Amino acid sequence: MKTTINLQRRKLLKYTAMGIAGAITYPSWAQTGGFVRVNAPSADFLPDVEIELTMNTADVAILNGDKTRVWKITGKVITGPSEVLDNNEGTYLAPSLRFKKGQKVRLILNNNLPAQSILHWHGLHVPANMDGNPMYAINQGETYVYEFEILNRAGTYFYHAHTHSVTARQVYSGLAGLLIVTDDQEQALNLPSGNLDVPLVIQDRSFDGQNQLVYSAHMMQRMQGFLGDQILVNGRPDFVLPVATRAYRLRLVNGSNSRIYKLAWDDGTPITVIGIDGGLLAAPEQHPYVMLAPGERVEAWMDFSGRAVGTELSLRSLQFDVATHGGMGMMGGGMMGGRGHRGMMGGGMMGGGMMSVSTLPSGSDYPILKIRVAKKEQGDNILPKTLTPIPALHVKNAANAANPRTIALSMQHMSALLNGRSYKMNDIQPDEIIPVNSLQLIEFDNGFDGGMHGMMMNMPHPMHLHGEQFQIVKREVNSRSSDSYATVSSGFINGGWKDTVLVMPGEKVTILKPFNDFKGLFMYHCHNLEHEDMGMMRDFLIK
Ligand code: C2O
Ligand code: CU
Ligand code: CU
């Protein structure tokens with residue numbers, strides 16, 4: 001695939017050079033608005049929706065005072081109704097895209113950034129060459145044409161940059177947005193819609209005195225993952241959502257680089273979860289709090305009808321243990337481990353001033369957003385007892401039922417590894433080849449069996465797999481980690497379809513994942529974006 005693109009690119013560079021000289025002989029598909037296409041739209045693909053997305057630098061007002069320089073994607077609908085696109089103007093958020101299952105979609109991505117980039121459709125089941133593998137990154141002045149059918153069920157998906165070794169920085173700069181899919185089954189449920197259906201993208205950022213984004217990627221910061229000083233929701237600080245006395249569908253998306261949230265209502269109301277990464281659950285579930293790691297989504301149903309106008313309510317992230325008790329033996333004296341590390345981090349003790357540490361340490365307690373009941377409104381606020389049927393996958397149907405693929409998660413010698421390996425383009429090992437149309441049993445082992453020796457450190461890793469959604473079979477935690485684990489375990493939603501699963505220190509998570517329809521390279525990686533960029537990412541070759 002790469003070769004084809006490179007060949008085409010070389011050919012096009014020649015065309016471009018000739019263009020400058022005056023003899024313009026582009027193939028008809030090869031140019032739009034000054035951008036050179038590296039791949040061709042297919043003549044027999046008839047899109048229901050066609051959108052042009054252009055990546056640019058832009059200045060947006062995030063804080064009071066100076067505008068912030070960001071990387072902004074702006075879209076234009078070429079075919080289809082205008083509702084498919086909302087540019088989220090005035091924010092760094094990429095456009096929100098709304099599709100329907102079964103639609104054929106063409107997305108024309110123009111890169112006008114001073115850097116290579118490529119977009120990946122997180123959670124969507126699309127062909128390998130439409131999936132935004134880093135090998136397809138395009139240069140400034142180039143266009144990548146995506147064409148695929150929306151095969152996914154209704155759900156809250158998203159998309160973001162997936163550029164080799166700079167994904168974290170690019171997402172941080174703004175290259176991420178929502179992709180919401182609906183289908184008939186979902187619509188028949190009459191869930192809160194329109195203004196009552198609110199996506200909330202949670203991210204953390206740090207700003208300097210001139211309101212510019214600060215991204216530091218010191219080794220220590222990378223080992224832990226970047227943590228910003230301030231929470232932004234939908235690209236805004238101090239986010240307040242005014243609501244009516246109705247039931248709402250809140251689509252919570254963790255678009256942060258590495259921050260993990262333990263979300264809870266501050267008045268003790270349980271969170272009613274109706275959906276996760278891959279769409280609606282079989283039935284609503286109540287949790288005292290919900291864990292949301294980078295890349296994960298959770299849909300909450302919340303009824304404000306009993307509340308007086310003027311009431312306020314906050315969504316907070318509560319305290320939890322980010323690592324196993326008893327020290328990690330990593331970088332001296334349990335840097336990441338044990339109770340009390342929060343104080344240490346807050347005091348800037350990590351590495352003795354080697355790095356600046358977030359004023360919002362991971363696992364501490366802080367507000368995310370505020371809800372203000374702003375007006376009285378009548379409406380039916382009935383939560384359906386059941387949502388959508390979820391066909392269960394069975395271990396006995398896995399091609400490797402007796403022999404699960406184990407992926408060991410490790411951080412050692414200043415690197416983050418999968419089965420001891422670091423990311424390399426086109427470096428498929430025999431155990432990374434998977435037969436197409438097979439169901440696979442996979443286990444992520446985060447120090448469950450092995451334990452910690454020498455320079456090894458166990459951190460939470462949100463493991464994400466490209467391609468089809470999977471189901472969680474079981475979660476197991478070792479005894480050494482069970483106390484810490486108890487601070488997060490009620491916040492896991494283990495039913496339904498997932499594409500990202502948080503694997504805590506000392507934990508082993510077993511999943512069943514179908515690899516249907518498409519051959520080629522599909523990535524699996526940690527969605528702590530600093531870990532991903534450090535190499536905690538690999539490809540599966542489906543063939
Ligand atoms: Cu959301 Cu490969 O990533
Ligand atoms: Cu993905
Ligand atoms: Cu990780």
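This is a working chat about a predicted model of a protein with bound copper ions.

Colleague: I'm new to this one, so how many helices and strands are there in the protein?

Modeller: The model is a predicted one, and in it the protein has seven helices and 34 strands.

Colleague: What share of the residues count as buried?

Modeller: Of the 543 residues, 60% count as buried. The protein exposes about 20,000 Å², and carbon and sulfur atoms supply 52% of that area.

Colleague: And among contacts between residues at least 6 apart in sequence, what share join residues at least 24 apart?

Modeller: That share is 78% in this protein.

Colleague: Let's go to the metals. Which residues are the protein donors of the copper ion that is ligand 3?

Modeller: They are His-461 through ND1, Cys-526 through SG and His-531 through ND1, and these donors lie 2.0 to 2.1 Å from the ion. Along the sequence the donor residues follow the spacing H-x64-C-x4-H.

Colleague: Are Cys-526 and His-531 buried or exposed?

Modeller: Both Cys-526 and His-531 are buried. Cys-526 also has a place in strand β33, where it is the bridge partner of Met-463.

Colleague: How do strands β29 and β33 run, and how many bridges join them?

Modeller: Strand β29, residues 461-465, and strand β33, residues 520-526, run antiparallel and are joined by three bridges. Both belong to an open sheet of five strands with mixed pairing, in the order β26-β34-β33-β29-β31.

Colleague: Which strands stand at the edges there?

Modeller: Those are β26, residues 433-434, and β31, residues 500-503; each has a single partner strand, so one side of each is left without a neighbour in the sheet.

Colleague: Back to copper, what are the protein donors for ligand 2?

Modeller: For that copper ion the protein donors are the NE2 atoms of His-120 and His-464, lying 1.9 Å from it. The two histidines link distant parts of the chain, since His-120 is in strand β8, residues 119-122, while His-464 is in strand β29, and they are 344 residues apart.

Colleague: Why does His-120 count as buried?

Modeller: Because its relative accessibility is 1%, which is under the 20% cut-off for buried residues. His-464 is buried as well, with a relative accessible area of 0%.

Colleague: Changing topic, which residues have the most contacts inside the largest nonpolar core?

Modeller: Leu-250, Leu-252, Leu-263, Ile-368 and Ile-371 have the most contacts inside that core, which has 42 residues. Its largest share, five residues, comes from strand β23, residues 366-375. There is also a second, separate core of 37 residues, which includes Leu-119, Trp-121, Tyr-157 and Ala-161.

Colleague: What does Leu-263 touch, not counting residues up to four places away in sequence?

Modeller: Among the residues that Leu-263 touches are Ile-202, Leu-252, Ile-271, Tyr-289, Leu-315 and Ile-368, and Arg-316 is on the list too.

Colleague: Now charges. How many salt bridges does the structure hold?

Modeller: The structure holds 27 salt bridges. One of them joins the side chains of Glu-299 and Arg-251, at 3.4 Å from N to O. This pair links distant parts of the chain, with Glu-299 in strand β21, residues 297-303, and Arg-251 in strand β16, residues 247-254, 48 residues apart.

Colleague: Are those two buried or exposed, and which residues are linked with them in a network of salt bridges?

Modeller: Both Glu-299 and Arg-251 are buried. They are linked with Glu-186, Asp-197 and Arg-249 in a network of salt bridges.

Colleague: And what about Asp-277, which residue does it form a salt bridge with?

Modeller: Its partner is Lys-498, with the closest N and O atoms 3.3 Å apart. Asp-277 lies in the loop between β18 and β19, and Lys-498 in the loop between α6 and β31, so the pair ties together parts that are 221 residues apart in sequence. Asp-277 is buried at a relative accessible area of 0%, and Lys-498 is buried at 4%.

Colleague: Is Lys-474, which forms a salt bridge with Glu-476, buried or partly exposed?

Modeller: Lys-474 is partly exposed, with a relative accessible area of 42%, and Glu-476 also counts as partly exposed, at 25%. Their closest N and O atoms are 4.0 Å apart.

Notes:
Residues numbered from 1 in each chain as written. Chains lettered and ligands numbered in written order. Predicted model: local features only at pLDDT ≥ 70, side-chain atom pairs only at ≥ 80, totals over all residues. Heavy atoms only, no water. Pairing = 2+ DSSP bridges. Helix = DSSP H or I, 4+ residues; strand = E, 2+ residues; numbered from the N terminus. Core = buried A, V, L, I, M, F, W, Y, C linked by side-chain atoms within 4.5 Å. Buried < 20%, exposed > 50% of the residue type's maximum accessible area, 1.4 Å probe, protein only. Contact = heavy atoms within 4.5 Å. Donors = N, O, S within 2.8 Å, 3.2 Å for Na, K, Ca; no water. Areas by Shrake-Rupley, 256 points an atom, 1.4 Å probe, with all protein chains shown as cover.
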